[in-house]
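Reader: Before I rely on any label in this predicted model, I would like to hear how each one is justified. Could you take me through the reasoning, value by value?

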Amino acid sequence: MKLHEYQSKQLFAQHGIPIPRGEVAETPTQARMIAEEFGGPVAVKAQVLVGGRGKAGGIRLAKSPKEAEKHAKAILKLEIRGLPVRKVLIDEAAEIETEIYLGVTNDRTAGSPVMIASAEGGVEIEEIARTQPDKIARSWVDPLIGLHDYQARNLAAAMELPRQHWAEFSRMSHGLFNTFMNSDATLAEINPLVITKQDNLLALDGKIVLDDNALYRHPDLEKLRDLDEEDPAEREARGNGLSYVKLDGSIGCMVNGAGLAMATMDVIKGLGGEPANFLDIGGGADAEKVSAAIQIILADPEVSSMMFNIFGGITRCDEVARGILMALEKVPREVYLVTRLVGTNEELGRQILADAKMDTASSLVEAAKMVVAGKQIGVAK
Ligand code: GDP
Ligand code: MN
């Protein structure tokens, strides 16, 4: 789950990281009133859950409340990378001297969090990694011990940060690391962390991605979820206990188990097809859940065929077959369906589908071949 900039910065502030004074507005009038209250130049910043807002015209500086109102009006009409802007953050404008990058994420290879810093702030870190990899400094942190002061100082030294800022940079590094650990984040990033003309350090932009699997430990953070910003299908799936990710292809996939789902998508792609989604119905799914999954897949207008790949262990194949029939009654769409059912109660499951005149396949590859071919010849069932 991604947090908005304003939410990320509030978490930062709770961990002692200095942030600009700011407030969120949903209308141009509110934006003007906030700017009046602040009484100086402000930055008007689109709150959408994607990066690169600056380049997309989603961030503008305003010298007066009237100008803030005008910018807010324009920004609230924008769509940035397909996402409509519903809120703007009005921040007291900073006078920037230098922009640096500071982030923490998990390094899976090292099996520990890694703190990343670069003197080339303001641009996306992936871009720095590509164009100036030597400008990135890293420090791996033992999660049980926490960040050592010397590690923050090493990062400061590697960036050639002027000495006078080391103490404050170190405090901010600790704050960021603690934000990351305390919220079970997979990413906490300040980009840019600025040195102002007045020689203060400030987190000007913030980004936090929380680990969905740890959210149950953070009911307070779960409340920050912005339902407006989520893909409706993915939200619906989560509500039904399904893992669903929409993709660009036309072959819907319903599989039990994340690994099997990935393998299924690979096979389909290997045979020249394009999966429309990743969907893991999990273990022990009943007919209701199967039916919910199919409805989510079929709500995608790009889907022209579907493949079910079920390896029944705790999941019973007859339950899956019933779920398939249940869903198809609710969503009468002309799509070509292929099912591969093996494992617990497979004979019964196949029989239920055969009675409904639906194709079944005995192996993953056979099923994938059928669905790819079915898609190409456009058979409707
Ligand atoms: P992003 O483009 O989505 O990463 O949004 P950021 O919040 O990082 O803003 C992009 C850029 O806008 C920053 O790197 C700054 O150069 C500029 N910017 C943002 N806020 C301010 C501000 O208060 N004052 C000034 N002068 N520039 C700002
Ligand atoms: Mn940024």
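Reader: What makes the pair formed by an oxygen atom of ligand 1 and the side chain of lysine 45 a polar contact?

Author: The oxygen atom of ligand 1 is 2.7 Å from an N or O atom in the side chain of lysine 45, and because a polar contact is a pair of N or O atoms within 3.5 Å, this pair counts as one. By the cut-off of 3.5 Å, the backbone N or O atom of glycine 54 that lies 2.9 Å from an oxygen atom of ligand 1 also qualifies, as does the side chain of aspartate 205, with an N or O atom 3.0 Å from an oxygen atom of the ligand.

Reader: How much of the accessible area of ligand 1 does the protein cover?

Author: Of the 560 Å² that ligand 1 has on its own, the protein covers 80%. Ligand 1 sits in the largest pocket, and the elements that give two or more residues to its shell are strand 3 (42-46), strand 4 (59-62), strand 8 (96-107) and strand 11 (185-196). By class, this shell has 8 nonpolar, 4 polar and 4 charged residues.

Reader: Why is the pair of glutamate 5 and lysine 45 called a salt bridge?

Author: The closest N and O atoms of glutamate 5 and lysine 45 are 2.7 Å apart, and because the cut-off for a salt bridge is 4 Å between a side-chain nitrogen of Lys or Arg and a carboxyl oxygen of Asp or Glu, the label applies. Glutamate 5 lies in helix 1 (residues 5-14) and lysine 45 in strand 3, so the pair ties together parts that are 40 residues apart in sequence.

Note on methods: Residues numbered from 1 in each chain as written. Chains lettered and ligands numbered in written order. Predicted model: local features only at pLDDT ≥ 70, side-chain atom pairs only at ≥ 80, totals over all residues. Heavy atoms only, no water. Polar contact = N/O pair within 3.5 Å; in protein donor to acceptor, adjacent residues only side chain to side chain. Areas by Shrake-Rupley, 256 points an atom, 1.4 Å probe, with all protein chains shown as cover. 1 Å grid on protein atoms, 1.4 Å probe; cavity = no way out; pocket = protein on both sides within 12 Å on 5 of 7 lines; lining within 4 Å. Sits in = over half its atoms within 2 Å of the grid points. Helix = DSSP H or I, 4+ residues; strand = E, 2+ residues; numbered from the N terminus. Nonpolar A, V, L, I, M, F, W, Y, C, P; charged D, E, K, R; others polar.
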